[in-house]
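Below are some notes for a colleague who is meeting this structure for the first time. Please read them with the model open alongside.

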Protein chains: 2
Amino acid sequence: MKRKVGVLGPEGTFSEKAARRLMLDSDICYFTDFDEVIAAVERSDLDIGVVPLENSLEGSVGQTLDALLSRDVQIVGEMNLEVRHCLLGRGSPEDVKVILSHPQALAQCRGYLKRRFSGAEQRTTGSTSHAARLAQEFPEMAAIADAEAGERYGLAIIDRNVQDSDENVTRFAVVGRSTPKPTGFDKTSLAIYLERAEAGALWEVLGEFAVRKINLTKIESRPSKMGLGDYYFFIDLEGHVTDPPVEEALARIRKRAAVTKVLGSYPRTASP
Amino acid sequence: MKRKVGVLGPEGTFSEKAARRLMLDSDICYFTDFDEVIAAVERSDLDIGVVPLENSLEGSVGQTLDALLSRDVQIVGEMNLEVRHCLLGRGSPEDVKVILSHPQALAQCRGYLKRRFSGAEQRTTGSTSHAARLAQEFPEMAAIADAEAGERYGLAIIDRNVQDSDENVTRFAVVGRSTPKPTGFDKTSLAIYLERAEAGALWEVLGEFAVRKINLTKIESRPSKMGLGDYYFFIDLEGHVTDPPVEEALARIRKRAAVTKVLGSYPRTASP
């Protein structure tokens, strides 16, 4: 039986592209947002979900992190995808009055849009491919999306590579329900919440990793939504949650932090 | 002569509200984005600019941080403003087909919009008041903005307090060109860039503050735009840049970090 894999829809999103590169033999199911993909994994409607975690220009994808924090799922793999945006439309550049895309994609092309289309209205859509599907209907609209989405929806490429930097990579998480076995080349993702008042607490937490020579590949803050200056820290480290140094560091941190959630322990990608 | 103060326009933005609370006797000038406000301060077209730095739900305002990093200005003050969004329009809720607002405001109301207006299209505008001005013209549109912006543009309040949490505070920076003298109750804002390869570097940087009992009120990461896992860290600490412990810690950090930029040293707000 084919695996059921959930992604953001409709057809032609970057999430789908990432999912297809990872697993050829699977049934793709489309959802309207990342939280719905992760919720469907949690209630076993899907075998796996593929959702964006972070982007090199815009940072963490908040909705994904919020869902990973609150839902009972595990990251079971990761994948990096280079993201090249195109401006797609039916008409010539002069006809473009409205530019459609997912908020992350609009943000990744902020400089280009300001330079070339400062007079155009910007509208957000649920996904880049949703924008392409809408632009198919209205000649005064253009979409920021993948070139492949343009082909699928019969749009011409008005401009290529419109992202503000060529260093535009999105890291996707493969989300499942159980922790993969150690491979010797793993990564562990954590969310840690420290009480606001404890000023040196983050330093102490990082020290538990530093003294054990555990390499951190990411440390990113995200508002806890409980007040200014109050954060969750999302930390990725090299190693599996069952490796003794990682186990030890986590045991110490659990005594210190108000919340320590392991979001997943999974094989590391070798890609950039 | 009145001071010239720049804010995001048009009339009725939260930035303007913050500016008016801070300084009554001033001429307000309106700009189309935060970078333009800060650029106008840099070239002395303005005495002061008031721009949002971070929000308790959505975190840092990327465009402001990017402009503070790249331009030759100083944060000279700060102010916290409670942000209460309203859904404003001319018609009844059933007529609303399109919801307009600044991307930050749409993000702060993500849950409400999904719950109540999942079928409506979302369009981004340059500011919340710009959204209100547009909603004035089209009865099928509603804007997310301040109640006062609704009054100014003749819109009815369809729904009050539509932000996803009542703990919705935006911290504004007052931006000028020189560093205020120490008051004994100050804050210093820093941007620090560490080379990606140096795993324990952030731990060492935080240690320079911890051993000197310097309290950090914020530590937030933001992508350097040079690759995944590569960040600037924005750190706020209690104290003035001329306080000996702060001076010492900064001297040590400058040896360690690839970039250490003081974004400002200014009187701390007493508000939440």
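1. A starting point is chain B, where strand β6 (residues 86–89) and strand β9 (residues 141–145) pair in the antiparallel sense over four bridges; strands are DSSP runs of E of at least two residues, helices are runs of H or I of at least four, both numbered from the N terminus, and two strands pair if DSSP finds at least two bridges between them. Within this pair, L87(B) stands opposite I144(B) of β9(B).

2. On the basis of the coordinates: this is a predicted model, in which local features need pLDDT of at least 70 and side-chain atom pairs count only at pLDDT 80 or more, while totals for chains, interfaces and linings use all residues. Residues are numbered from 1 along each chain as its sequence is written, chains are lettered from A and ligands numbered from 1 in the order in which they are written, and side-chain values use heavy atoms, with hydrogens and water left out.

3. The wider sheet is open and has ten strands, in the order β10(A)-β6(A)-β9(A)-β7(A)-β8(A)-β8(B)-β7(B)-β9(B)-β6(B)-β10(B), with mixed pairing. At its edges stand β10 (156–159) of chain A and β10 (156–159) of chain B, each with a single partner strand, so one side of each is left without a neighbour in the sheet.

4. How do the two chains relate? Chain B can be laid on chain A with an RMSD of 0.0 Å by a turn of 180° and a shift of 0.0 Å along the axis, the superposition being by least squares on the C-alpha atoms of residues with pLDDT of at least 70 in both. That is the relation of a two-fold axis. Of the residues of chain B, R123(B) comes closest to this axis, its C-alpha at 2.0 Å.

5. In chain A, I75(A) lies in strand β5 (residues 74–82) and is buried, with a relative accessible area of 1%; buried means under 20%, exposed over 50% and partly exposed in between, with a 1.4 Å probe and protein chains only. Although I75(A) and V174(A) are 99 residues apart in sequence, their C-alpha atoms are 5.7 Å apart in space.

6. Over all chains the structure holds zero disulfides, a disulfide being a pair of cysteine sulfur atoms within 2.5 Å. The sulfur of C109(B) is 9.6 Å from the closest cysteine sulfur, that of C86(B), which is too far for a bond; C109(B) is also buried, with a relative accessible area of 0%.
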